[in-house]
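Trainee: I've got a model open and a handful of things I'd like to talk through. Mind if I fire away?

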Amino acid sequence: MNPNVPSTSELHTIAFICTHNACRSQMAQALAEHYQRIDPRFAAFRFVSAGTDIADSIDPDAVRVLKQGRGIDMLAHGQHPKTIDQIPTPDVAISMGCGVRCPFIGRPFDADWNLTDPTGGTDADFLHCIEQIDALVQQIPDLYGQA
């Protein structure tokens with residue numbers, strides 16, 4: 001075992017939560033896991049996403065635009081819609097900006113990113129949302145530090 005890599009029990013779990021777990025929360029998880037592969041500041045975290053009223057699949061436009069624009073393939077990394085009870089208990093819970101329908105997850109949210117849902121929008125809408133998520137994800141190590 002590499003002494004520089006935290007064990008699973010030492011990881012600080014960051015959960016991205018949205019009602020359907022089909023678009024914004026999935027993109028946030030994918031971007032965070034991308035940084036985890038290339039930036040050692042992200043090594044202390046485990047990233048998950050979930051929802052309460054999940055969709056059957058990840059939004060195909062989110063999958064396509066993230067793959068074309070950033071080279072990140074959510075499906076190749078095994079992402080799929082999940083409910084809150086299917087993820088580890090989070091140390092930090094971040095809402096994507098669900099407004100009045102934001103799910104109750106059994107605890108208060110630590111942050112609300114207040115992102116506009118690009119579902120049904122243009123590629124430009126998705127790219128704008130990805131840029132917003134990217135900027136917020138990059139702040140995670142500074143905001144939430146070590147477990």
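Trainee: Which residues does Ala50 touch, not counting those up to four places away in sequence?
Mentor: Keep in mind that this is a predicted model. Ala50 sits in strand β2, and it counts as buried because its relative accessible area is 0%, under the 20% cut-off. Leaving out residues up to four places away, Ala50 touches Phe16, Ile17, Cys18, Asn21, Ser25, Lys82, Thr83, Ile84 and Ile87.

Trainee: How far apart in space are Ala50 and Ile87, C-alpha to C-alpha?
Mentor: Ile87 is among the residues that Ala50 touches. In sequence the two are 37 residues apart. From C-alpha to C-alpha, the separation of Ala50 and Ile87 is 7.2 Å.

Trainee: Okay, zooming out. What pattern does the chain follow along the sequence?
Mentor: There are four helices and four strands to place. Reading along the sequence, you get β-α-β-α-β-β-α-α.

Trainee: And what share of the contacts with a separation of 6 or more comes from residues 24 or more positions apart?
Mentor: You've already met one such pair: Ala50 touches Ile87, and those two are 37 residues apart in sequence. For the chain, residues 24 or more positions apart account for 74% of the contacts with a separation of 6 or more.

Trainee: What about Cys23, buried or exposed?
Mentor: Cys23 lies in the loop between β1 and α1. Its relative accessible area is 6%, and the cut-off is under 20%, so Cys23 is buried.

Trainee: Which residues is Cys23 in contact with, leaving aside neighbours within four places in sequence?
Mentor: Start with Thr119, which is 96 residues from Cys23 along the chain, yet the C-alpha atoms of the two are separated by 7.2 Å. With neighbours within four places left aside, the contacts of Cys23 are Asp59, Ala62, Asp117, Pro118, Thr119 and Phe126.

Trainee: On to α1. How many of its 15 residues are buried?
Mentor: α1 reaches 21 Å from its first C-alpha to its last, close to the 21 Å expected at 1.5 Å a residue. Its buried residues include Arg24, Met27, Leu31 and Tyr35. The helix is mostly covered, and the count of buried residues is eleven.

Trainee: Which elements are included in what covers the buried residues of α1?
Mentor: Ser25 is one of those buried residues, and Ala50 touches Ser25. Ala50 lies in β2, so that strand is in the picture by the 4.5 Å contact rule. The cover of the buried α1 residues includes β1, β2, α2 and α3.

Trainee: I spotted a positive phi at Asn21 and another at Asn114. Which of these two residues is exposed?
Mentor: Most residues other than glycine have a negative phi. Asn21, in the loop between β1 and α1, has a phi of about 50° and counts as buried at 1% relative accessibility. The other one lies in the loop between β4 and α3, also has a phi of about 50°, and has a relative accessible area of 59%. With the cut-off for exposed at over 50%, the exposed residue is therefore Asn114.

Trainee: Last one: which residues are closest to the centre of the largest pocket?
Mentor: About 200 Å³ of space lies in that pocket. Its lining divides into four nonpolar, four polar and four charged residues. Of the twelve lining residues, the closest to the centre are Cys18, Thr19, His20, Arg24 and Asp117.

Note on methods:
Residues numbered from 1 in each chain as written. Predicted model: local features only at pLDDT ≥ 70, side-chain atom pairs only at ≥ 80, totals over all residues. Heavy atoms only, no water. Helix = DSSP H or I, 4+ residues; strand = E, 2+ residues; numbered from the N terminus. Buried < 20%, exposed > 50% of the residue type's maximum accessible area, 1.4 Å probe, protein only. Expected span 1.5 Å × (residues − 1). 1 Å grid on protein atoms, 1.4 Å probe; cavity = no way out; pocket = protein on both sides within 12 Å on 5 of 7 lines; lining within 4 Å. Points joined across faces, edges and corners; volume = space filled by probe spheres on them. Nonpolar A, V, L, I, M, F, W, Y, C, P; charged D, E, K, R; others polar.
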